Amino acid sequence: MKQGGGWLRKAMGKGVRAVLGLVLLVLGICGFFTVPASLTEYPVVLPKEGQPKWARGAFHVHTTRSDGHGSPLAVARAAKAAGLDFVVLTDHNDFTPPAPTWVDGVLLVPGVEISTSAGHLVAFGMERPLEGMQRWMPASDAVRAVHAAGGMTVLAHPVQRHNPWTDEPSAHEAKGFELYSADTFFRHAMRHPMSRLLPAVGAYLAKPMHGVMVLVAPESGPGERFVELSREESKLGFCAHDAHGLPSYESVFRSLAMYLPPDQVPLPLPEDAKAAAALVTGALRGGAAVCAFRALGEPEGFILDGVDAVRREARVGEVLKVHVPGIPDPERVRVEVWGAGRLGPDGTSVELTGEGVVRVEVWVQGPGRFFGSEWRPWIVPSPVRVLPRGPGI
């Protein structure tokens, strides 16, 4: 018995040392990225004085009404600290969300994330109560129920490996698409712990906002799927916080936001919460809203000239002009184009070369995981549908 007990103690001792060694290794790797993170500087693009302020807010946020770590009050306080005007709350299967309300100076807009048979569907802007709702209902039934209630449908993280959207007909019926998702970035980092997750954790310890930005590593799949679904009917692009409170709400809110142009949503928002929510949801579903990774810079002053702002359409042969806001360094800012267009020699003109869909985004070379830099999306408008060549073009 004594010999057996001694063997067990030795084995346990080795196990404890192995675990301790692993913990120290992880801490050491994280610490390797903590020091350079403390030296990073944001924003990369400095704002110009005198630009009209755009309403800005968080889209797709969870609270303790489902699996979030913070109450609606905590979320509102984090949004206020981050300088946001509104938050679209989308708790899981919250089929009777509360009415719009002002909390601590921030507008809380009701929405819901519906668990369907084919994936998750975000809905907001309902004018009437949702009817016939239940968890894991057929995807097409969920989409149609939201539309029947006058609401907007957005495919949540539709190309995510963990929980993708798998039903083709309802994917075409939905009106919006989460092109960039903070939750998807986090899950991507989980699959790449050494190259992405641990650098982000180390950076987060020194500068939480930079830690979140280290996670921003776009993959090609969502963009390709987005263009494919938009060919028949224009879809609206969204950047989703999909915030649950870890990383902190405030750090995620400081890193990106949905922005609403002042000609559609003038500030300050109306004191009446219902009227303010109607303005916000109308702009979000109208196509003129843009996503911006605001840690890199504010988007005020951004214009994509040459597009029908309501229908998000242009014609083959026309040229779009990108007006980059702020005071950009030409070496650190570039325009990216995908689909039915090509970038002109001046770096800001986009010639529409064929029928289909064109995505135009502004990217910035921001602080990297160590002392280097990485190219990341900065301003993300919804795509433009390119129609046949018009007369005289």
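How do the residues of the lining of the largest cavity divide into nonpolar, polar and charged? In this predicted model, they divide into five nonpolar, three polar and no charged, where Ala, Val, Leu, Ile, Met, Phe, Trp, Tyr, Cys and Pro count as nonpolar, Asp, Glu, Lys and Arg as charged, and the others, Gly among them, as polar. Local features were taken at pLDDT of at least 70 and side-chain atom pairs only at pLDDT 80 or more, while totals for chains, interfaces and linings use all residues of the predicted model. Residues are numbered from 1 along each chain as its sequence is written, and side-chain values rest on heavy atoms, with hydrogens and water left out.

The structure holds one cavity of 30 Å³ or more, and about 30 Å³ of space lies in the largest cavity. On a 1 Å grid over the protein atoms alone, a cavity is a set of points where a 1.4 Å probe fits but cannot get out, a pocket is an open set with protein on both sides within 12 Å along at least five of seven lines, and lining residues have an atom within 4 Å of a point. Grid points are joined across faces, edges and corners, and a volume is the space filled by probe spheres set on the points. L236, G237, F238, M258, L284, G287, A289 and S382 line the largest cavity. Strand 8 (residues 236-240) provides the largest share of this lining, three residues; helices (H or I, at least four residues) and strands (E, at least two) are DSSP runs, numbered from the N terminus.

Turning to the pockets, the largest has about 570 Å³ of space. Its lining comprises 20 residues, with P100, P110, G125, M126 and E127 lying nearest the centre. Strand 4 (106-116) and helix 10 (273-284) each supply at least two residues of this lining, and helix 10 gives the most, with five residues. By class, the lining of the largest pocket has 12 nonpolar, four polar and four charged residues. The second largest pocket holds about 450 Å³ of space. Of the 22 residues that line the second largest pocket, W54, P261, F302, I303 and L304 are the closest to its centre. Here strand 11 (residues 303-305) gives the most to the lining, with three residues, and the classes are 13 nonpolar, six polar and three charged.

M258, one of the residues that line the largest cavity, also leads to strand 1: M258 in strand 9 is the bridge partner of G57. Three bridges join strand 1 to strand 9 (residues 257-260), and these strands run antiparallel, whereas four bridges join strand 1 to strand 2 (residues 86-89), and these run parallel; two strands pair if DSSP finds at least two bridges between them. In strand 2, L89 is the bridge partner of V61. Seven of the seven residues of strand 1 are buried, so this strand is largely enclosed by the rest of the structure. Buried means under 20% relative accessible area, exposed over 50%, and partly exposed in between (1.4 Å probe, protein chains only).

H60 lies in strand 1 (residues 55-61) and is buried, with a relative accessible area of 0%. Its side chain joins that of H62 in a polar contact of 3.1 Å; a polar contact is a pair of N or O atoms within 3.5 Å, and within protein one must be able to donate a hydrogen and the other to accept it, while residues adjacent in sequence count only if both atoms are side-chain atoms. Beyond its neighbours within four places in sequence, H60 is in contact (heavy atoms within 4.5 Å) with V88, T90, E113, V122, A156, E178, A240, H241, D242 and A243.

A second histidine, H120, is found in strand 5 and counts as buried at 9% relative accessibility. The side chains of H120 and N163 are joined by a polar contact of 3.0 Å. Not counting residues up to four places away in sequence, H120 touches a set of residues including H92, E113, W136, H157, N163 and W165. The C-alpha atoms of H120 and W136 are separated by 9.2 Å, with the two residues 16 apart along the chain.

Helix 3 (residues 139-148) has A139, S140, A142, V143, A145 and V146 as its buried residues. Their cover includes strand 4, strand 5 (119-124), strand 6 (152-155) and helix 4 (168-173). G150, whose phi is positive, near 80°, follows helix 3. In helix 4, A171 is buried, with a relative accessible area of 2%.
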